[in-house]
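These are my notebook entries on one structure, where I wanted to look up its pockets first and its aromatic rings afterwards.

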Amino acid sequence: MEGLRGLRVPPELSARAPAGQRDGVRLLVGRAAAGEVSHHAFRELPGLLRAGDVLVVNTSRTLPAAVGGRLGLEPVTVHFSTRRDEQSWAVEVRTPDGRGTTVPRAGGPAGAVVELPDGEHLVLEEPLSPRGDRLWLARPSMADTAGYLHGHGRPIRYGYTERDQPLAEYQTVFSVPSPDGLGSAEMPSAGRPFTTGIVTSLVSRGVQIAPIVLHTGVSSAETHEPPYPEWFEVSPSTAWQVNAGRSGGGRVVAVGTTAVRALESAADGRGTVRAARGWTDLVVTPERGVRAVDGLLTGLHEPAASHLLMLEAVAGAPLLERVYAEAMRDGYLWHEFGDVNLLLP
């Protein structure tokens, strides 16, 4: 994918705010077997799928995971990524840029105390991974950190957006509260264009909707590391739906890279999906391939992003390069509020 890696997305193709209507999002469809690319409105999705297909959706809710604080005399913003256990979270500490967003800063140091609103704090302990020091394990003082975020946090926002948005703009029609109050640091954004009307149309045409949960961590827009371990759950009913759909000739279409990661983490070598829950560190690459997923509905990713390896595993490099060239030529919008593409077998 050398041509794709050299692609540069101009700033004007960043979606800076949510579309006025979610079903007004554009949809670029690539079909691997025919090598064809076609252009659609997202509301046309039900007509592009067929009875017996299974759409696998992530029901994780987005948390208001950004909280302002101070590290000594330095103002900082803490992005709460993932709860690791009862005592610690993975966090990213960033520097406010004066425009309502943030820029990266050096991680740590170990033992530093970040003062938070309402008299709370967190202690930075050690980098999450030897691959870098962007994410750190930290020990919050709050007994209920997820509850604290709902009282003091706001959605994570990056510099390509033009203004703050309410938390509702970062939820999908599929999102449901988790019993433990946990959720995703960043929106599982492939599901964002769906409306209740589109879901009703899909179901009326015989397309099945199968839920999974994967709580996404932060994925900095400036760095493109492989994904860190994330918590997921594939229920027995979803495993049955997926296996029955494939055995009946239906296609399993994941809504978002999070759904791919969850399903592939629960699949055996033959592609049979079993109920599973826990932490996954799976990275889907073209070399590994996909076993349980036939198609993927996803947003447009930065050319250097590690997610593109997963997309290549689903669609193949030639089709993916053509899809992205068409997206650039026709002015499709990138990022969580942008347009989407559907990759089919």
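Which strands each supply at least two residues of the lining of the largest pocket? I kept in mind that I was reading a predicted model, and I found four names to write down: strand S5 (74-83), strand S11 (208-215), strand S12 (230-234) and strand S14 (276-280). Of these I underlined S11, since it gives the most to the lining, with four residues.

I then looked up the pocket itself, which has a volume of about 440 Å³ and is lined by 26 residues, with Ser178, Asp180, Val213, His215 and Trp231 lying nearest its centre. When I sorted the lining by residue type, I noted twelve nonpolar, eight polar and six charged residues.

Next I turned to the rings, where a search of the whole structure finds five aromatic pairs. In one of them, the ring centres of Phe42 and Phe194 are 5.0 Å apart and the planes stand at 85°, and because planes over 60 degrees apart count as edge-to-face, I entered the pair under that heading. This pair links distant parts of the chain, 152 residues apart: Phe42 is in the loop between strand S2 (36-41) and helix H2 (45-48), while Phe194 is in the loop between helix H3 (145-152) and helix H4 (196-204). I checked both residues for exposure and found Phe42 and Phe194 buried, and I also saw that ring pairs link them with Phe174 into a cluster.

Last, I looked for charges over rings, and I noted that the charged end of Arg26 sits over the ring of Tyr332, 4.1 Å from its centre, while Arg84 lies over the face of Trp279, at 4.8 Å from the ring centre.

How values were computed:
Residues numbered from 1 in each chain as written. Predicted model: local features only at pLDDT ≥ 70, side-chain atom pairs only at ≥ 80, totals over all residues. Heavy atoms only, no water. 1 Å grid on protein atoms, 1.4 Å probe; cavity = no way out; pocket = protein on both sides within 12 Å on 5 of 7 lines; lining within 4 Å. Points joined across faces, edges and corners; volume = space filled by probe spheres on them. Nonpolar A, V, L, I, M, F, W, Y, C, P; charged D, E, K, R; others polar. Phe/Tyr/Trp six-rings, centres within 6.5 Å; stacked < 30°, edge-to-face > 60°. Buried < 20%, exposed > 50% of the residue type's maximum accessible area, 1.4 Å probe, protein only. Lys NZ or Arg CZ within 6 Å of the ring centre and 35° of its normal.
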